[in-house]
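Please work through the exercises below with the sequence and the coordinates at hand. Each task is followed by a solution in steps.

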Amino acid sequence: MPSDPHPPELTDALGRVSARLGIVGSAVHFFRETSSTNDRALELAREGLVVLADAQTAGRGRRGHAWFSPSGSGLYVSVVLTPSRARADSARAIRLLTLTAGLAIAEGVQTATGLSSDVKWPNDLYVGRRKLAGILAEACGSPEGPVVVGYGINVQPAAYPPDLIDRATSLESELGRPVDRLLVLAETLAAIAARYDDLLEARYDAILDAWKRRAPSAAGARVSWTTAEGDRSGVTSGLDADGALIVRTRQGIERIVAGELRWETGNEE
Ligand code: BTN
């Protein structure tokens, strides 16, 4: 599917950070509207490719959820990365990729706007109890191959569907002022490039330490989840070296690597 010409403001915004982008943004495909930027990125799957859309008609989130993607009110971006290229421990780099991306996006948002957000395991961005941004990573074929990291950031308040009204927030509602969407795009891409470099160069502790500083709920929060044997619950107790969430339960320590956690409101520290 052919992309649309870059608006001049997009060219300017990317030009201002070009020295910090490394391979990220080696090609940038812009669509006024597309089904999902992840679909377009999966079709080409070249490292560094960025796909950006003003609106998505079939934006998707994790675990089959839809991602509300009306024109102009959010950033809808996908970046193709290849963590298996990591210098030291490529399996660990693959496991840490989405955590790294969540951290980078929080850092880029803060550089662009001054707004500090928390990361919530594995990679959602929250301000207080409301979700600001989410990430959907999809592998192109084998886990050793390129991975599409798609992220959506709510920039302006939108007419959210009823199930999201009380759970979503946006940069403009938090800051109470207009936000330059393309500056947020440029700074999040630059932050992804910097943290991707940390990942490829095996600076795992730098990534994990910075992630933990932004993740108050990774220690001392009450969580529950469903297993084949029934519902489980416990209290978060940090991350391990591979980015798995450690949870203390009555039965002992559990290591959560994937799946849907329910964060019990009112008990988070
Ligand atoms: C989630 O929190 O469930 C993840 C949401 C990811 C949404 C982004 S928007 C850009 C990219 N394209 C998609 O279809 N999804 C991701």
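The exercises treat the ligand site, an aromatic pair and some backbone features of this predicted model.

**Exercise 1. Polar contacts of the ligand**

Task: Determine which residues come nearest to the ligand, and identify polar contacts among them.

Solution.
Step 1. The ligand has 20 residues around it, and those that come nearest are Ser 36, Gln 56, Arg 60, Arg 62 and Lys 131.
Step 2. A polar contact requires a pair of N or O atoms within 3.5 Å.
Step 3. Ser 36 contributes through its side chain, where an N or O atom is 2.7 Å from an oxygen atom of the ligand.
Step 4. Arg 60 contributes through its backbone: an N or O atom there lies 2.7 Å from a ligand nitrogen atom. A polar backbone atom of Arg 62 is 2.8 Å from an oxygen atom of the ligand.
Step 5. Of the 410 Å² of accessible area that the ligand has on its own, the protein covers 98%.

**Exercise 2. The shell around the ligand**

Task: State which pocket holds the ligand, and describe the shell by element and by residue class.

Solution.
Step 1. The largest pocket is where the ligand sits.
Step 2. Two or more shell residues come from each of α2 (37–44), β3 (74–81), β6 (130–139) and β7 (147–154).
Step 3. The most is given by β6, with 4 residues.
Step 4. By class, the shell comprises 10 polar, 6 nonpolar and 4 charged residues.

**Exercise 3. Aromatic pairing**

Task: How many aromatic pairs does a search of the whole structure find, and why is the pair of Phe 68 and Tyr 160 classed as it is?

Solution.
Step 1. The search yields 1 aromatic pair.
Step 2. The ring centres of Phe 68 and Tyr 160 are 5.9 Å apart.
Step 3. Planes under 30 degrees apart count as stacked and those over 60 as edge-to-face. The planes of Phe 68 and Tyr 160 stand at 55 degrees, so the pair is tilted.
Step 4. Because Phe 68 belongs to the loop between β2 (49–56) and β3, and Tyr 160 to the loop between β7 and α4 (171–175), the pair ties together parts 92 residues apart in sequence.

**Exercise 4. Backbone exceptions**

Task: Locate the cis peptide bond that involves Pro 122 and the positive phi angles of Ala 45 and Ala 202.

Solution.
Step 1. Most residues other than glycine have a negative phi, and most peptide bonds are trans.
Step 2. Trp 121 and Pro 122 are joined by a cis peptide bond with omega about 0 degrees; Pro 122 is in the loop between β4 (118–120) and β5 (124–127).
Step 3. Ala 45, in the loop between α2 and β2, has a positive phi of about 50 degrees.
Step 4. Ala 202 has a positive phi of about 65 degrees and is placed in the loop between α5 (181–200) and α6 (204–213).

Key: Residues are numbered from 1 along each chain as its sequence is written. This is a predicted model: local features need pLDDT of at least 70, side-chain atom pairs count only at pLDDT 80 or more; totals for chains, interfaces and linings use all residues. Side-chain values use heavy atoms; hydrogens and water are left out. A residue is near a molecule or strand if one of its heavy atoms lies within 4 Å of it. A polar contact is a pair of N or O atoms within 3.5 Å; within protein, one must be able to donate a hydrogen and the other to accept it, and residues adjacent in sequence count only if both atoms are side-chain atoms. Accessible areas come from the Shrake-Rupley method with a 1.4 Å probe; for residues, only the protein chains shown count as cover. On a 1 Å grid over the protein atoms alone, a cavity is a set of points where a 1.4 Å probe fits but cannot get out, and a pocket is an open set with protein on both sides within 12 Å along at least five of seven lines; lining residues have an atom within 4 Å of a point. A molecule sits in a cavity or pocket if more than half of its atoms lie within 2 Å of its grid points. Ala, Val, Leu, Ile, Met, Phe, Trp, Tyr, Cys and Pro count as nonpolar, Asp, Glu, Lys and Arg as charged, and the others, Gly among them, as polar. Rings of Phe, Tyr and Trp (its six-membered ring) pair if their centres lie within 6.5 Å; planes under 30 degrees apart count as stacked, over 60 as edge-to-face and the rest as tilted.
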